[in-house]
Amino acid sequence: MSTKQPLSHLDWLEAEAIHILREVAGQCANPVLLFSGGKDSLCILRLAEKAFRPGRFPFPLMHIDTGHNYQEVINFRDQRAAELGERLIVRSVEDSMKRGTVVLKTPDEPRNKHQSVTLLEAIEEFGFDCCIGGARRDEEKARAKERIMSFRDEFGQWDPKNQRPELWNLYNARVHKGENIRAFPISNWTEMDVWQYIEREKLELPSIYFAHQRDIVMRHGAIFPVNVPLASGELINQPKAGEEIINMQVRFRTVGDVTCTAPVISDADDVSKIVVETATTTITERGATRLDDQTSDASMEQRKKEGYF
Amino acid sequence: MTTQHNDSLLRFMTCGSVDDGKSTLIGRLLYDTKTILADTLNNIARTSQKRGMEAVDLSLLTDGLQAEREQGITIDVAYRYFSTGTRKYIIADAPGHEQYTRNMVTAASTANLAIILIDARKGVLTQTRRHSYLAHLVGIPHIVVAVNKMDLVDYDQATYEKIKADYIAFATEIGLAQARDIKFIPMSALNGDMLVDRLDNMDWYQGETLLDILEAAPAAHSEQAEAFRFPVQFVCRPHDSANPELHDFRGFMGRVESGSIAVGDAVTVLPNGYQSKVKAIQVGNEQLQTAQTEQSITLLLEDEIDTSRGDMIVKTSEAPEAVKQIEAHVCWLSETPLSPARTYIVRHTTRESKAKIGSIQYKVDVNTLEQQATADLKMNDIARVSFKLAQPLMVDSYDKNRATGAFIVIDESSNNTVGAGMIV
């Protein structure tokens, strides 16, 4: 070739992510792919297909279930794992609560941060030396400094001041027994890149990402979904006295714990409309929708130091 | 912002100290390209107010960790993203203070362009020399010298021209001017002059704005034709598959680090030297006829060859050297000094070898660029070092090929990455 045509940004990001997944497979003895059924981890599943087919994935999938998930997402998670023919491990925060390793202050508090405990228990149970996750550096300022292969000590702690230098595309995933690596293949993707990739690859998503009618109340200035049915049949997020229930057209930009993930008002009912909406929005992905990041300026950083991905 | 998919991608870095206005520059780029969303802007407006500032301080956009906010410093390389609709950008934001060498080398290793900031009031300083030397050492092909804070020298053209002449003289002295593409631009990051908008304070400057330069810079690391280099990351043998067609499938998975490959090309697998031809190129289940630099692919060969991770597939006509001794410029990254008596691990492409230090010829004072004799290396030292290797590595010189000329040094006991090397 005489003149080089550089890859488009999506092709470049895809090639980088495949390279990272293959480095995990090549360097780690017992990795696992964290899979929640959310849009970022669905992108990673497609990347893993491109990286490893026609072979099987060289790692199982694992979900740390808070028990506070939208049923649509859980169904979608199971369906996708079955279609791929890959092994899905589910470990639940509620089991950690039964064991007494997770103690709630109030029964309906958000359980996102408690996932760290269950995750660390699962890492120990299976002896995983690497967890692949869908975190992106554009999501949050603590993540902007995270390595693509991020070292965690025996307690799962991230030490932001003492990270392994990461140069070129030479990743170092070496660990001693008990330590592990968190690998982030889509570190360099933005929310927009994710949606463009979903559109290009025609990926299916859980229905709650698209505009739908939902009962909500306004709470602390955010849209708060109410009376959400859990897998157990229990209705969670009861409205408080005096709150007015409104039926509104909304969609979720991120999916997570029902008690702390807020939807946005939207009529985007397909991926191309979401791409346009993402291009014109004035609020960051976590800004309006993740109530647990707003506790303090440093809440994500704090959770990550404690073993969160 | 548009939503098109075929944007190219440019990775660049910014070099400068706290006072050069680096954070303001990045904040301004993000702000003027409409990357900053309302809630983030509200947050920094609140923080600016809390800190008693009158205007919104855009440099707060690059504020990172709690520890950094407490100490008012930047600890580590941070990565930022913005898009203009024609191009996606990844900025590596390297702090300029202590640990500067380690952080700068890290940021430079993936950058194709460096913006070197100079304070118009101060001109070319020691740190400018340091940043320029490191950008040169790590092989960044495009350099933009941004003479910032022009508002504080009354947008004076003579001041700018003097700094430009000084810089050219210095860059010629270290070989940078001859080897790299250097551009100069006067600006005020604080006011936004010559970043995204020209404004009207410097009519004497008719050159490109910073964003014009970024939009036009070549995205590829090298404009020259490079040899095909394909380090094998992983071998796919799905023999447990129910599909009998796959029983003999043997796919070599990796990323094309340089050059290109087509179905039918004659290839050699190193270090063993087996020869074969490319039977197929795949990404997942999709078949390709050719593949080029930076694509992650699966290669199938005509012959059954025993190949594993760490081997390298090359075109038979352009094979690299397999060597058991290397000479390199090394940047030491660890608080534990290099000990010449110890054995380290060198990771080069997907291959590892134990390595012993042959000798340390000299280290470079990054401020004066003088060469000095030394017995060991401390964090942030740059030195010329020779290594003896237990396993052969397939190398090119770093100047010729960034991917096969680079390696990292790993401490076997801590597993830490302790050094970065560029093969001479």
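# Exercises on a predicted two-chain model

A:V32 stands opposite A:C131 in β4(A). The model is predicted.

**Exercise 1.** Place this residue pair in its sheet, and find which strands stand at the edges.

*Solution.*
- Start with the strands. β1 (residues 31–34) and β4 (residues 130–132) of chain A pair in the parallel sense, over three bridges.
- Widen the view. Six strands of chain A form an open sheet in the order β3-β2-β1-β4-β6-β5, and the pairing is mixed.
- Go to the edges. β3 (88–92) and β5 (149–152) of chain A each pair on one side only.
- Take the twist. From one strand to the next it averages 30 degrees.
- Add the helix. α5 (residues 115–126) of chain A lies across β1, β2 (61–65), β3, β4 and β6 (180–183) of chain A. Its direction is at about 145 degrees to β2(A).

**Exercise 2.** Work out why one side of β8 and of β12 in chain A is left without a neighbour in the sheet.

*Solution.*
- Write the order. The open sheet has four strands, β8-β7-β11-β12 (chain A), with antiparallel pairing.
- Read off the ends. β8 (222–225) and β12 (264–265) of chain A are the edge strands with a single partner each, so one side of each has no neighbour in the sheet.
- Check the partner of β8(A). Strand β7 (residues 212–219) of chain A is joined to β8(A) by four bridges, and the two run antiparallel.
- Pick a residue pair. A:M218 is opposite A:I223 in β8(A).

**Exercise 3.** Is strand β4 of chain B enclosed or open, and why?

*Solution.*
- Count burial. In β4 (residues 113–119) of chain B, seven of the seven residues are buried, so the strand is largely enclosed by the rest of the structure.
- Recall the rule. In a regular strand, side chains alternate between the two faces of the sheet.
- Split the side chains. B:L113, B:I115, B:L117 and B:D119 point one way, while B:A114, B:I116 and B:I118 point the other way. All are buried.
- Name one neighbour. Strand β1 (residues 8–15) of chain B runs parallel to β4(B), joined by four bridges. Here B:C15 is opposite B:I116.
- Name another. Strand β5 (residues 142–148) of chain B is also parallel to β4(B), with seven bridges. B:L117 has B:A146 as its bridge partner in β5(B).

**Exercise 4.** Describe how helices α4 and α5 of chain B pack, and which residues make the contact.

*Solution.*
- Choose the descriptors. Two packed helices are described by the angle between their axes and the distance between the axes.
- Fill them in. α4 (residues 100–108) and α5 (residues 126–137) of chain B pack at about 40 degrees, with axes 10 Å apart.
- Classify the angle. It makes α4(B) oblique to α5(B).
- Give the hand. The crossing of α4(B) and α5(B) is right-handed.
- List the contact. α4(B) supplies B:T101, B:M104, B:V105 and B:A108. α5(B) supplies B:H131, B:L134 and B:A135.
- Sort by class. The contact has five nonpolar, two polar and no charged residues.

**Exercise 5.** Which element gives the most residues to the side of chain A that touches chain B?

*Solution.*
- Set the scale. 57 residues of chain A are in contact with 61 residues of chain B.
- List the elements. α1 (9–27), α2 (39–52), α6 (191–201) and α7 (271–280) of chain A each give two or more residues to this side.
- Rank them. α1(A) gives the most, with 10 residues.
- Sort by class. This side of chain A has 25 nonpolar, 15 polar and 17 charged residues.

Notes. Residues numbered from 1 in each chain as written. Chains lettered and ligands numbered in written order. Predicted model: local features only at pLDDT ≥ 70, side-chain atom pairs only at ≥ 80, totals over all residues. Pairing = 2+ DSSP bridges. Axes fitted to C-alpha atoms, helices over the stretch in contact; angles between N-to-C directions. Parallel < 35°, antiparallel > 145°, perpendicular 65-115°, else oblique. Left-handed = near helix turned anticlockwise from the far one by under 90°. Contact = placed C-beta atoms within 7 Å. Nonpolar A, V, L, I, M, F, W, Y, C, P; charged D, E, K, R; others polar. Buried ≥ 20, exposed ≤ 12 C-beta atoms within 10 Å, placed from the backbone.
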